[in-house]
Amino acid sequence: MIAAEHTPARVVDAEDQTSHDLRVGPARGLLMLVDYADRWPLTHLTWLFSNKVLNQDVPVRILLLARNEHVWPALRHALAQAGWPPDSCTSQALGALPRVRDARRSMFVAARDCFARHYGTANTTAISVPDWLERDEFGLTLAVHMAALVAVDRHARRAPEPQAPPEGMTALTAYLLERESLHWYALHDTVDTVAGGRTAFRTDPRQMRRAVFIAALTGPLGYRDARAALDRVGVGGDADQVLTDHTFCYPPTDPRTVLEPLYPDRLAEDFLALCLPGHGTPGHESDAWTHGTPEVLLTPATGDKPLPPYAARAITFLTAASERWPHLIATLEGLERLLPQDPNDAAGDLTVAGADLTDRLARHRLPTLTDPAVRAELHDLLGRWLDRADRDEEAATALGEATRLYRPLAAVEPQVFGPKLGWSALNLAQVLVGLGIVPSPDDVWQLSTGGNAIRPRSARPDEALGALRESVEIFRRLARDYPAEHEENLGAVLSAASVYVPHLGTAEESLAYARECVDLARRLARNYPEKYADAVPLTLANLASNLVSSEPEQAVVLAREAVDGARRVARDAPAEPEPEDDPYFPLYFTLAVQAGVLLRLGRAEPAVAVLDEAVRTCLLTRRQDDPDGFDAWTETVFLTVALMWVQGPVHDDAEVGLEAARQVIRREAQVNPTAHGEGLYRAFLMLDYRSRWLERWELFLAVQRDMIDLLRSSDHALRCDALTGVLATHGSVLLMLGRWDEALDVIGEMAEELVWQGVGGLEYCLAGALTAVAADGSDHWRDNPGYEGVAQDEAVVRMSQIAAAYRQSHRGERHERDHGLAVTLKLLAEALWIMDRPWESLTASGEAVEARRQLARGGSAEHQEYLAFALQYHARKAGRLGERQEAAVAAKEAAHLYDRLAREDFATHAPTLAATLHILAVNLSWLHPAEALEPERRAVEILDRLASSEPATHQANFANALDALASLLHQLGREQEARAAESRAAELHGRLAAGGKPPT
């Protein structure tokens, strides 16, 4: 197991004694724990997921622990784009701890004992478990642990036992913070001894408190940045001394940083709240110095500078704390003024923090706001922040409410509220269209087989189209009445409509918008050539895309004209353009559109030449900090396919375009198979999703076969991560289409791949492949490669279809078909049993025995063992259903097989032989009790022998077998023998109760 710590990257010398050997050795898997994952920047998390330590030949799991999942949609999307199987990227809300007293009590005791060891407290029985742990606020593990820490600390200091704290968790954190304050006073008032041999601790408690306050906001910083932060807010005293003393109190995880914050986060949040004025908590004085300090700390030195890198952390902590401390709302309102006015200007973690802050303030303000204009503006701002943070459903709700509130206002004052309504409607439309256009990783993975689930559509297309139309009409009226102010706005709205409306199924309407947009752009460019030089090529490109289906040759001409115009824009641009201007972007965009037009017309070869130029232009227009990590080809292909998709999914040319794009990507895979890392796989994955959306199954299967071929030649990590998932989905779709033989071939192919990856033997891997295909391509079989994965109605139907296909197939070798049928029936039998369909399960189990018998006729020891196992399982089921004769016959045959196997390898097969003999005896006791005695005695003898050599493993089973023998002897009237067996069993049970030691 590895615990990931969030510190700046550093290289560790392999010879360094502090370095770690991260080879897994004989371990069966690797688990990485990432605590406080919601506090990691997104870029840091994605970097972590690319670490080579995760490239192992064993299953790898990464557990991200977080207090909210706001960053999760963006991270999950990034991981899926990087090639991680989307089905494995799941989130789960952890519920409260059970209210059952013993559950929280046991957790408290474990934490108490652990803390007591650190305190040097040997006897913990005097530290009683509080009787208030069942309260709601102690449903968190952290709350129970903090309660234990407070209890141990009070005991160590001989403080009185606390009563039920009236403020709950707040009282616990307040107590712990009091202890921190006491520690600062003790250090300041003492020299040498307490301070660990240091000279005087010169930072007074007031200054230390302020430094801890700043550290809670900023988190660890480099020394110079930390000193600048302290100077900016005026902590007081010598900043260097303050940092030195703070580092003594709170040693940093990374020695290159200072200002290590309080942990856990809950403690830091409550500390911030208790420092800021307005809380009213007795015994905890606030510090007037903190009033306005967060704003001062985060305000850039000049207006054109961005917020400091720790702004997101500070905003997030204060926002989270405000849920418990309402007086922090005033601080949040001060920070709100520092956020970009346009959420689109925010980036990285600031988008999540800004959305959280805006959401918190909206929930605070809305209950008391009555002015509809103010309410509408608040909903609009909230919707845009939520959209920027990828909280799409919430964004749609907020923007929908904004448009509802703006409509009556715009009807009365169109010049004032019309533009606001128009932009809100456009933003709403874009969010709603995006719900159907942009696939989530779950869509990419789960939409693998038949039914409505595999036919993704825009989630609310009618609303999206209505909002677009409303926005266009509003700005048409405004442009007509106030052209100087709103013609440019109309052009932007028309351009967006001409892009999105084809996706909503109204091509003619979209074409009209595109033509109108071109006319408007040409007029603006004539009147204001410097400002609107790039508008004509961009709008011509949109028009070309809209004409592909109705006027294909004209579309080609216009696309070429758009590119020529964009080239002139780039050529005529100033040698040193303004930072916000990018003279190459129009050329890059129009080239991508031109390539898309050609692909939609099936002209792959000329499209390749255009894409090549677009890739070269992308390198000029892409301003990014990591040129080595940027793949212009992948970026360009993604843009081209996305534009093709959004502007033509409902037309026949969509399939033509995807097939042409497939040819282009295949060509690149053949020419440069290793040049793009995972980019080729991701490009194929886009085509995979689009072809599913169109229900073009032949194209879908062809794309998947391309992916399979690509992954087989990819590096080991990508192949292991992705290939089995693609094969599972491929098999599921073939099954849906009734192409049984091909589906069976893919199941066999997947099993062989799993064997190649070292997952297990063929039996295990075949079970995994069958489970994955039957469960819609799910990868859950890795956690449970069998029964639970198919114990669902739909999966059982598919498993039954697979069994029928194996029975009817004549392809391949007979023993391979029999093996597939046997494993399928085993899975089916167990799934039916779990689903409480026992008689169907028994039928499947009986057929599985016959299939195993066919395989065992070759004399293979492996298949003999599988036959014995199948017979034993069948005997168990039959016996539980009262079919004693059938159970006895199966158990007798199984015992005969296990007896033969045990003679060759006693240690391995003797325990199962004993269990099988017991099953035989139990069923015979119902039919012919006297005949049951011999197998039961043999079971006891075998377990006696096993318990002698491995008592810890077999002693309990030996005692239970003696009990069963005694019961049978009583049934047969052989009381003396029964009492002897009971006596020996009682002795063993007593030994087990004493911890396995012989009684003294």
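**Cores.** I looked up the nonpolar cores in this predicted model. The largest one has 148 residues. Inside this core, F213 and I214 are the residues with the most contacts. I then listed the neighbours of F213, leaving out residues up to four places away in sequence. F213 touches F271, L272, C275 and L276. W289, T290, T293 and P294 are also in contact with F213. A second core is separate and holds 96 residues. Among its members I noted L598, W693, A822 and L828.

**Helix α23.** Next I checked α23, which runs over residues 585–600. This helix has 16 residues. From first C-alpha to last, α23 reaches 22 Å, close to the 22 Å expected at 1.5 Å a residue. Is α23 mostly covered or mostly uncovered? I found it mostly covered, with 15 of its 16 residues buried. After α23 comes G602. The phi of G602 is positive, near 80 degrees.

**H676.** Last, I went to H676. I placed H676 in the loop between α26 (653–671) and α27 (679–694). Why does H676 count as buried? Its relative accessibility is 12%, and buried means under 20%, so H676 falls in that class. Which residue shares a side-chain polar contact of 2.7 Å with H676? The partner is E668, side chain to side chain. I also listed what H676 touches, again not counting residues up to four places away in sequence. The contacts are D631, W633, T634 and E668. E668 thus appears both in this list and in the polar contact.

Technical notes: Residues are numbered from 1 along each chain as its sequence is written. This is a predicted model: local features need pLDDT of at least 70, side-chain atom pairs count only at pLDDT 80 or more; totals for chains, interfaces and linings use all residues. Side-chain values use heavy atoms; hydrogens and water are left out. Helices (H or I, at least four residues) and strands (E, at least two) are DSSP runs, numbered from the N terminus. Buried means under 20% relative accessible area, exposed over 50%, partly exposed in between (1.4 Å probe, protein chains only). A polar contact is a pair of N or O atoms within 3.5 Å; within protein, one must be able to donate a hydrogen and the other to accept it, and residues adjacent in sequence count only if both atoms are side-chain atoms. Contact means heavy atoms within 4.5 Å. The expected span of a helix is 1.5 Å times one less than its number of residues. A nonpolar core is a set of buried Ala, Val, Leu, Ile, Met, Phe, Trp, Tyr and Cys residues joined through side-chain atoms within 4.5 Å.
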